[in-house]
Amino acid sequence: MPRPVVLVSDPLPDDALDLLRAACEVRRTDGGDRTRLLAAVADASVLVVRSGTRVDREVFAHAPLLKGVVRAGVGLDNVDTAAADGAGVSVANTPAANAVSVAELTVGLAVALARHIPEAAQHVRRGEWNRSAFKGGELAGRTLGVLGLGRIGRQVVRRLAAFDMTVLAHDPYVADDDCRRAGAEPVTLGELLARSDLLTVHLPRTAETEGLIGERELALAKPGLHLVNTARGGIVDEDALARALKDGRVAAAALDVFAVEPPRDSPLLGLPNVLPTPHLGAGTAEAQHRAGHEAARIALRMLESRGLLEAGGPGGTGRPAAPGRTGPERVPLAGTGARGV
Ligand SMILES: NC(=O)C1=CN([C@@H]2O[C@H](COP(=O)(O)OP(=O)(O)OC[C@H]3O[C@@H](n4cnc5c(N)ncnc54)[C@H](O)[C@@H]3O)[C@@H](O)[C@H]2O)C=CC1
Ligand SMILES: O=C(O)CCC(=O)C(=O)O
């Protein structure tokens, strides 16, 4: 049986690539280079991506052999899942692989805002030593608002509750009892905005969540709000947030994600009270290792289920192959469920 081609179009750790190479022909391309991507995908049976590759109808039209797309990571906003469905292509992600890393970055950004750490570091590097210029505030005793109580939101609740914060959460898809069990008081979006000193966003970017925090919502926010977004750009409207940061309604924002990345034209970049990071939530060795390995194993399972790889062969999962499994068996979309995609 010829070795199926797995196209990897975003960075993946070497050990995950080795897992694929044991059973497949692994080809690399740069998902940001559209021309190369469309040419390279022509022979691919599985495409493995992170957030740097837009997988849309055009990609499926250039990929007659494609059976699956694997997102090494959580957000599927860069994959047109309806178009994949139409093309008979399975889509999967690695929903739990980077939750701890994103939660830890979120906590780091919250503390950085509260204590002016980036500005203070620049100050010292410039040879200055004016300690009173950087008076901060404690997180203890303040109110945390978590928007989106999924995997990452829950990890953030656990960590920031340990800072002695009062924790509120808004997630219409989580039952109130479940929310309380996770350590947060369930509230409406309006209450979350009105009561939170620190608001942190952990939603998928969907048609429902795009622009969810706009002018009207920011007008409801408690004056002096600190906002952290490590989820997706576009959920918080960038123009509205820029206005709120300029007039002081929002005191400061830490943003790991932008509506367009890299965010060359974002109105937020020039503002002194914005702390930007370059989409680093999953940027740890541990998260990359977990996401890469999980993605490689899912890719192998997809190939097995389409009869393109022998189960238990090199790199195979060892599951017995059912005879004649060449039909359009679907690998379930892991984790995010109907509400998360
Ligand atoms: N900065 C980074 O590097 C990373 C960013 N992310 C982003 O974080 C997002 C969240 O990740 P997880 O927590 O793992 O996803 P998840 O699917 O476990 O949780 C998302 C939660 O949002 C809730 N939700 C959906 N629509 C909502 C709405 N309109 N209002 C309130 N809640 C709503 C869902 O009910 C769910 O509980 C991902 O979709 C991804 O975009 C994920 C990983 C890394
Ligand atoms: O490093 C990446 O691929 C981004 C991670 C991410 O945003 C996600 O998993 O949704």
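1. In this predicted model, a polar side-chain atom of His 279 comes to 2.7 Å from an oxygen atom of ligand 2. On its own ligand 2 exposes 290 Å², and 91% of that is buried by the protein.

2. Two further polar approaches to ligand 2 deserve a look. Arg 232 places a polar side-chain atom 2.8 Å from an oxygen atom of ligand 2. Gly 75 contributes through its backbone: an N or O atom there lies 2.7 Å from an oxygen atom of the ligand.

3. Which residues surround ligand 2? They are Arg 50, Ser 51, Arg 71, Gly 73, Val 74, Gly 75, Asn 98, Arg 232, His 279 and Ala 282. Sorted by class, this shell has 5 polar, 3 charged and 2 nonpolar residues.

4. Helix H5 covers residues 99–115. Its 17 residues, at 1.5 Å a residue, should span 24 Å, and the C-alpha atoms at its ends are 24 Å apart, so the expected and modelled spans agree. Just after H5, His 116 has a positive phi of about 55 degrees.

5. Many positions of H5 are buried, and they can be read along the helix: Ala 99, Ser 101, Val 102, Ala 103, Thr 106, Val 107, Leu 109, Ala 110, Ala 112, Leu 113 and Ala 114. As background, an α-helix has 3.6 residues a turn, so residues three or four places apart point the same way. Among the buried residues of H5 are Ala 99, Ala 103, Thr 106 and Ala 110.

6. Where does Thr 230 sit? Thr 230 is in the loop between strand S10 (225–229) and helix H11 (238–246). Is Thr 230 buried or exposed? Its relative accessibility is 7%, which is under the 20% limit, so Thr 230 counts as buried.

7. Thr 230 also connects to helix H5. Its side chain makes a polar contact of 3.0 Å with the side chain of Thr 106, and Thr 106 is itself one of the buried residues of H5.

8. Two domain annotations come from an unreviewed UniProt entry. One, "D-isomer specific 2-hydroxyacid dehydrogenase catalytic", covers residues 6–305. In the model that span is 37% helix and 16% strand, with its end C-alpha atoms 15 Å apart.

9. The other annotation, "D-isomer specific 2-hydroxyacid dehydrogenase NAD-binding", covers residues 108–281 in the UniProt record. Over these residues the chain is 32% helix and 17% strand, and the end C-alpha atoms are separated by 11 Å.

Methods
Residues numbered from 1 in each chain as written. Chains lettered and ligands numbered in written order. Predicted model: local features only at pLDDT ≥ 70, side-chain atom pairs only at ≥ 80, totals over all residues. Heavy atoms only, no water. Near = heavy atom within 4 Å. Polar contact = N/O pair within 3.5 Å; in protein donor to acceptor, adjacent residues only side chain to side chain. Areas by Shrake-Rupley, 256 points an atom, 1.4 Å probe, with all protein chains shown as cover. Nonpolar A, V, L, I, M, F, W, Y, C, P; charged D, E, K, R; others polar. Helix = DSSP H or I, 4+ residues; strand = E, 2+ residues; numbered from the N terminus. Expected span 1.5 Å × (residues − 1). Buried < 20%, exposed > 50% of the residue type's maximum accessible area, 1.4 Å probe, protein only. UniProt positions renumbered as here; feature names shortened; annotations may be inferred.
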